[in-house]
Amino acid sequence: MPSFANPFQGNVPRKMTKEELIQSIRLDIAGELEAIFLYDAHVQATDIELAKRVIGDIRDEEKAHVGELMTLLHALDPKEAEHFASGRAEVQEMMAELGLHPAANREGDAKPTVGSLLDQ
Ligand SMILES: [Fe+2]
């Protein structure tokens, strides 16, 4: 018999407040990350190419779901989005210092484009 997770873990089963919705989205993101972890473990644990391809594709779709949920979270909580952006900028600065992200955040240098990122 299947055992489904409680969709209202941390919340009560009624219309949620915005704050409760934000918390539920964080829980949803955690679920997506867990799914990525499990699918990736299964890809690594088989040599059957078809299984690797199908499960790997599903794993990558879960990554897209993380992106959707993160975007939704940041739309609902712009302050949290600022914290994420701050952290991203710190790492990008370290990457630039190490020459790993060529001049992406240095003043006066061109910002990366989709095309320039594809060339890397
Ligand atoms: Fe998903």
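**Note on the predicted four-helix model and its iron site**

1. Glutamate 82 and lysine 79 sit three residues apart in helix H3, so about one helical turn separates them. The two form a salt bridge, with 3.3 Å between the closest N and O atoms; the term covers a side-chain nitrogen of Lys or Arg within 4 Å of a carboxyl oxygen of Asp or Glu. Glutamate 82 is partly exposed, at a relative accessible area of 48%. Buried here stands for under 20% relative accessible area, exposed for over 50%, and partly exposed for the range in between (1.4 Å probe, protein chains only).

2. Basis of the note. This is a predicted model, in which local features need pLDDT of at least 70 and side-chain atom pairs count only at pLDDT 80 or more, while totals for chains, interfaces and linings use all residues. Residues are numbered from 1 along each chain as its sequence is written, and side-chain values use heavy atoms, with hydrogens and water left out.

3. Overall fold. The protein chain has four helices and zero strands, giving the pattern α-α-α-α along the sequence. Helices (H or I, at least four residues) and strands (E, at least two) are DSSP runs numbered from the N terminus. Of the 120 residues in the chain, 22% are buried. Among contacts with a separation of 6 or more, 42% come from residues 24 or more positions apart; contact means heavy atoms within 4.5 Å. The accessible surface is about 9,200 Å², and carbon and sulfur atoms hold 60% of that area. Areas come from the Shrake-Rupley method with a 1.4 Å probe, and for residues only the protein chains shown count as cover.

4. Iron site. Which residues coordinate the iron ion? Glu32 supplies two OE donors, Glu62 an OE and His65 its ND1, at 1.9 to 2.6 Å. Donors are N, O and S atoms within 2.8 Å of the metal (3.2 Å for Na, K and Ca); water is not among the atoms, so sites may look incomplete. Along the chain the donors follow the spacing E-x29-E-x2-H. Glutamate 62 and histidine 65 are both in helix H2, three residues or about one turn apart. Glutamate 62 is buried, with a relative accessible area of 12%, whereas histidine 65 is partly exposed at 30%.

5. Geometry of the site. Why is the arrangement around the iron ion irregular? The four donor atoms subtend angles of 53 to 128 degrees, and this range makes the arrangement irregular. Four donors count as tetrahedral if all angles lie between 85 and 135 degrees; four count as square planar and six as octahedral if opposite donors are over 155 degrees apart and all others between 65 and 115; anything else is irregular.

6. Tyrosine 39. This residue belongs to helix H1 (residues 18–44) and is partly exposed, at 26% relative accessibility. Beyond its neighbours within four places in sequence, tyrosine 39 contacts Ile55, Ile58, Arg59 and Glu62. Glu62 is also among the residues that coordinate the iron ion. The C-alpha atoms of tyrosine 39 and glycine 56 are 6.9 Å apart, with their positions 17 residues apart along the chain.

7. Aspartate 77. Where does aspartate 77 lie? Its place is the loop between H2 and helix H3 (78–97), and the residue is buried, with a relative accessible area of 18%. Leaving out residues up to four places away in sequence, aspartate 77 touches Ile22 and Arg26. Its side chain meets that of arginine 26 in a salt bridge (3.7 Å, N to O). Arginine 26 is in helix H1 and aspartate 77 in the loop, so the pair ties together parts that are 51 residues apart in sequence. Arginine 26 counts as partly exposed, at 32% relative accessibility.

8. Other salt bridges. The structure holds seven salt bridges. One of them joins glutamate 20 to arginine 14, with the closest N and O atoms 2.8 Å apart. Glutamate 20 counts as buried at 18% relative accessibility, while arginine 14 is partly exposed at 43%. Asp40, Arg59, Asp60 and Lys63 are linked in a salt-bridge network.

9. Surface patch. Ile48, Leu50 and Val54 form a nonpolar patch on the surface, together offering about 310 Å² of accessible area. Patches are made of residues with over 30% relative accessible area and no salt bridge: like charges are joined within 9 Å, nonpolar side chains (Val, Leu, Ile, Met, Phe, Trp, Tyr) within 5 Å. Valine 54 is in helix H2 (residues 49–76) and is partly exposed, with a relative accessible area of 42%.
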